[in-house]
Amino acid sequence: MAVRPILIHGEPVLHRRADEVQKIDEQIQVLIADMDQTLDASHGVGLAAPQIGVGLRIFNWKYPETGEAPNRGVIINPRLRLIGRVSQEAPDPENEVEGCLSAPGYSFPLKRSDHVEIIGLDAEGQPLNFAATGWFARILQHEYDHLDGYLYVNRLNDRYAKQWKKVVKREGWKEAGNSWLPGVDPDPFGQD
């Protein structure tokens, strides 16, 4: 197991649809173990394989027990379904703020569905199916977006998208070559 560098906005693997996992073998098990260790070191709540440079449809999560799913888990080849509509109101800048390990140090408000269903496979290839609400639903949507080549910042309303574009320019995140290593580099969200 190893903590892997987390890629930052601008890396091509973050901006394209990830491939389906064809076979859950030893390589996939090592990847999952590395993702778990990287997630722990990053102090995040979710991590998608593209964020560590692997263009496969896998993500993991770590969130307090909700009764909806285990507080830690991984899902392979997920399918996500929104239950209900996402409100068209402006996001609440106090309660609907997201951050991303691939946009380190920045957070912006974003509307999400409050209820989702997800199906896929667990680490052993067994079917996994559950519903999630609230913040946990937000986490699943965020990580699922990564598998389709989107960062949450791609979904910001015009006001926050303009702010994000300034961040990208200021940080030099238009091109590939940027990453950070959890546990070595300073925590961009100040959770060390």
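**Val 86**

I began with Val 86 in this predicted model. Is Val 86 buried or exposed, or in between? Its relative accessibility is 27%, so I put Val 86 down as partly exposed. I found Val 86 in the loop between β4 and β5. Then I looked up its contacts, leaving aside neighbours within four places in sequence. Lys 111, Arg 112 and Ser 113 are the residues that Val 86 touches. I also checked a distance to Gly 99, which is 13 residues away along the chain. The C-alpha atoms of Val 86 and Gly 99 are 19 Å apart.

**Second largest pocket**

Val 86 came up again here. Which residues lie nearest the centre of the second largest pocket? I noted Val 86, Leu 110, Lys 111, Arg 112 and Arg 155. The lining has 17 residues in total. I sorted them into 7 nonpolar, 5 polar and 5 charged. The volume came out at about 280 Å³. β4 and α2 each give at least two residues to this lining.

**Largest pocket**

Next I turned to the largest pocket, with a volume of about 450 Å³. I counted 21 lining residues. Gly 44, Val 45, Glu 98, Gly 99 and Cys 100 lie nearest the centre. Gly 99 is the residue I had paired with Val 86 for the distance check. Which element gives the most to this lining? The answer is α2, with 5 residues. I placed α2 at residues 134-147. β5, at 97-99, also supplies at least two lining residues. By type, the lining divides into 8 nonpolar, 9 polar and 4 charged.

**Arg 138**

I stayed with helix α2 and picked out Arg 138. Is this arginine buried or exposed? The cut-off for buried is under 20% relative accessible area. Arg 138 has 8%, so I count it as buried. Beyond its neighbours within four places in sequence, Arg 138 is in contact with Glu 96, Glu 98, Leu 110 and Arg 112. I had already met Glu 98 among the residues nearest the centre of the largest pocket. Leu 110 and Arg 112 were on my list for the second largest pocket.

**Tyr 63**

I then went to the loop between β3 and β4, where Tyr 63 lies. What does Tyr 63 touch, leaving aside neighbours within four places in sequence? I wrote down Asn 71, Trp 135, Phe 136 and Ile 139. Phe 136 is 73 residues away from Tyr 63 in sequence. In space, their C-alpha atoms are 7.3 Å apart.

**Strand pairs**

I followed β4 next. It pairs with β3, residues 58-62, in the antiparallel sense over 5 bridges. Which residue of β4 stands opposite Ile 58? I found Ile 76 there. β4 is also joined to β7, residues 115-121, by 5 bridges, and these two strands run antiparallel. Here Leu 82 stands opposite Val 116 in β7.

**Two positive phi values**

Most residues other than glycine have a negative phi. I looked up two residues that depart from this. Asn 77 lies in strand β4. Its phi is near 50°. With a relative accessible area of 13%, Asn 77 is buried. His 43 has a phi near 65°. I found His 43 in the loop between α1 and β2. Its relative accessible area is 35%, so His 43 is partly exposed.

**Nonpolar cores**

My last entry is on the cores. How many residues does the largest nonpolar core have? I noted 36. Ile 58, Phe 108, Leu 156 and Trp 164 have the most contacts inside it. At least two residues of this core come from each of β1 (6-7), α1 (26-42), β4 (72-82) and α3 (158-171). Another core, of 17 residues, lies apart from it. Its members include Phe 59, Trp 61, Phe 136 and Leu 147. Phe 136 is the residue that I had found in contact with Tyr 63.

I closed with Phe 108, setting aside residues up to four places away in sequence. Phe 108 touches Glu 96, Val 97, Glu 98, Tyr 152, Val 153, Leu 156, Tyr 160, Gln 163, Trp 164 and Val 167. Glu 96 and Glu 98 were also on my contact list for Arg 138.

Methods
Residues numbered from 1 in each chain as written. Predicted model: local features only at pLDDT ≥ 70, side-chain atom pairs only at ≥ 80, totals over all residues. Heavy atoms only, no water. Core = buried A, V, L, I, M, F, W, Y, C linked by side-chain atoms within 4.5 Å. Buried < 20%, exposed > 50% of the residue type's maximum accessible area, 1.4 Å probe, protein only. Helix = DSSP H or I, 4+ residues; strand = E, 2+ residues; numbered from the N terminus. Contact = heavy atoms within 4.5 Å. 1 Å grid on protein atoms, 1.4 Å probe; cavity = no way out; pocket = protein on both sides within 12 Å on 5 of 7 lines; lining within 4 Å. Points joined across faces, edges and corners; volume = space filled by probe spheres on them. Nonpolar A, V, L, I, M, F, W, Y, C, P; charged D, E, K, R; others polar. Pairing = 2+ DSSP bridges.
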